[in-house]
Amino acid sequence: MDHCCYVKKYTNSYVILAVYVDDMLIAGSSMAEINRLKQQLAENFEMKDLGPAKQILGMRILRNRSEGILKLSQEKYIHKLLDRFYLEDSKTRNTPLGSHLKFSKKQSLQTDEEKCYMSRVPYASAVGSLMYAMVCTRPDIAHAVGVVSRFLSNPAKEHWEGVKWILRYLKGTSEMCLCFRKGNLTLQGFSDADLGGDFDTKKSTTGYIFTLGGTAMSWKSKLQNRVALSTTKVEYIAISEAAKEMIWLKNFLNELGKEQDNAPMFSDSQSAISLAKNPVFHSRCKHIQLRYHFIRELINDGDLSLLKILGSENPADMLTKAVTTDKLRLCIASVGLQG
């Protein structure tokens with residue numbers, strides 16, 4: 001299911017090999033099998049054994065074996081970013097993006113003085129660095145990074161202020177990390193969408209996040225391909241996109257020996273849930289593209305359990321819009337991010 005993850009099962013044990021270019025991690029239930037695999041690899045490739053994993057791809061791995069806790073942190077990476085963009089001594093922010101900040105491509109119509117100023121600003125480099133933090137361990141900045149990345153071709157001063165806002169938020173939350181605990185391996189999904197959140201195209205944003213044992217393991221915040229005509233449609237499309245990720249995650253976990261037959265997915269839109277469960281053809285849904293209706297088959301076949309969740313309790317909310325500090329804290333706590 002994943003081209004970079006290899007699994008070998010034995011009678012009473014297993015070994016998992018995760019590879020990224022020339023870096024790799026080996027996990028397993030038997031040290032004897034792990035050592036045998038390392039010996040076989042060393043016979044065919046030039047390798048260096050760095051011992052127990054402490055860091056991989058800019059992420060620090062912290063383990064507490066007695067309590068069964070594993071944490072992924074990018075604190076050092078974040079401080080390098082702050083130092084690189086001269087924001088180490090700046091004031092912190094409480095949210096990834098201020099609700100009062102409104103960004104548009106019209107702001108990119110700059111004077112010669114502004115163009116000269118922005119030519120010296122490492123905008124693309126900063127956004128790319130933020131993307132890496134977001135992809136690895138920080139789902140809380142996914143929406144904010146998605147917003148500022150829309151202006152890479154012609155950024156304005158206002159957009160650069162948005163990038164610096166995100167960096168200042170990371171400064172105040174640099175110790176935050178994903179915390180995984182042993183025992184509970186229940187997969188859950190949360191889906192959400194806004195309506196016409198992009199000021200230029202009026203397109204909506206799809207957001208979903210999946211947790212394993214209460215900790216985020218997959219998330220996404222992305223503009224939808226088309227302009228939606230109703231809240232029901234944007235939520236329905238978001239559920240469909242999330243359902244594809246749910247199927248892949250279930251297959252991947254089944255491959256690892258952790259079956260997830262009854263994994264639920266939650267949405268805060270009752271109308272979208274009703275549309276998915278009751279395929280009534282009427283004027284409000286006949287314009288929805290056929291490719292989004294596959295979710296009905298998943299529900300009918302029992303491959304997907306779609307449930308209602310209160311909007312105030314939906315952690316995917318932070319992936320579609322700028323939220324208040326209190327709502328952000330609730331979302332962060334719900335997906336296993338700890339300070």
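## Strands and how they pair

Two strands count as paired if DSSP finds at least two bridges between them. Helices (H or I, at least four residues) and strands (E, at least two) are DSSP runs, numbered from the N terminus. This is a predicted model, in which local features need pLDDT of at least 70 and side-chain atom pairs count only at pLDDT 80 or more, while totals for chains, interfaces and linings use all residues. Residues are numbered from 1 along each chain as its sequence is written, and side-chain values use heavy atoms, with hydrogens and water left out.

Let's start with β9, residues 205-212. On one side, β9 pairs with strand β8 (residues 187-193), antiparallel, through seven bridges, and T211 of β9 is the bridge partner of Q188. β9 also runs antiparallel to β10, with eight bridges joining the two; here Y208 sits opposite K220. The link between β9 and β10 is a hairpin with two residues between the strands, and G213 in that turn has a positive phi of about 65 degrees.

There's a second set of pairings around strand β6 (residues 69-73). β5 and β6 are antiparallel and share five bridges, with K71 in β6 as the bridge partner of L62. Their hairpin has four residues between the strands, and G68 takes a positive phi near 70 degrees there. β6 is also joined to strand β7 (residues 177-181) by five bridges, again antiparallel, and S73 stands opposite C177 in β7.

## A strand covered on both faces

How many of the residues in β9 are buried? Eight of its eight, taking buried as under 20% relative accessible area, exposed as over 50% and partly exposed as in between (1.4 Å probe, protein chains only). In a regular strand the side chains alternate between the two faces of the sheet. For β9, T205, G207, I209 and T211 are buried on one side, and T206, Y208, F210 and L212 are buried on the other.

## The nonpolar cores

In soluble globular proteins, nonpolar side chains tend to be buried together. A nonpolar core here is a set of buried Ala, Val, Leu, Ile, Met, Phe, Trp, Tyr and Cys residues joined through side-chain atoms within 4.5 Å. The largest one has 51 residues, and Y123, V163 and I209 have the most contacts inside it. Elements that each supply at least two residues of this core include β5 (59-64), α4 (123-136), α6 (157-172) and β10 (215-223). The top contributor is α4, with seven residues.

Separate from that core is another of 24 residues, among them I239, L249, L275 and I295. Back to Y123: leaving aside neighbours within four places in sequence, Y123 is in contact (heavy atoms within 4.5 Å) with M118, V148, F151, L152, P155, H159, W160 and V163.

## Pocket and cavity

Some grid rules for this part. On a 1 Å grid over the protein atoms alone, a cavity is a set of points where a 1.4 Å probe fits but cannot get out, and a pocket is an open set with protein on both sides within 12 Å along at least five of seven lines; lining residues have an atom within 4 Å of a point. Points are joined across faces, edges and corners, and a volume is the space filled by probe spheres set on them.

The second largest pocket holds about 280 Å³ of space. It is lined by 18 residues, and those closest to its centre are L101, H143, V147, G197 and F199. That lining splits into seven nonpolar, six polar and five charged residues, where Ala, Val, Leu, Ile, Met, Phe, Trp, Tyr, Cys and Pro count as nonpolar, Asp, Glu, Lys and Arg as charged, and the others, Gly among them, as polar.

There is one cavity of 30 Å³ or more, and the largest cavity has about 70 Å³ of space. Its lining includes T95, D140, H143, M318 and K321. By class, that lining has seven nonpolar, two polar and two charged residues.

## Positive phi outside glycine

Most residues other than glycine have a negative phi, and most peptide bonds are trans. Y86 has a positive phi of about 60 degrees and is found in the loop between α2 and α3 (112-119). Y86 is exposed, at 76% relative accessible area. K202 has a positive phi too, near 65 degrees, and lies in the loop between β8 and β9. At 46% relative accessibility, K202 is partly exposed.
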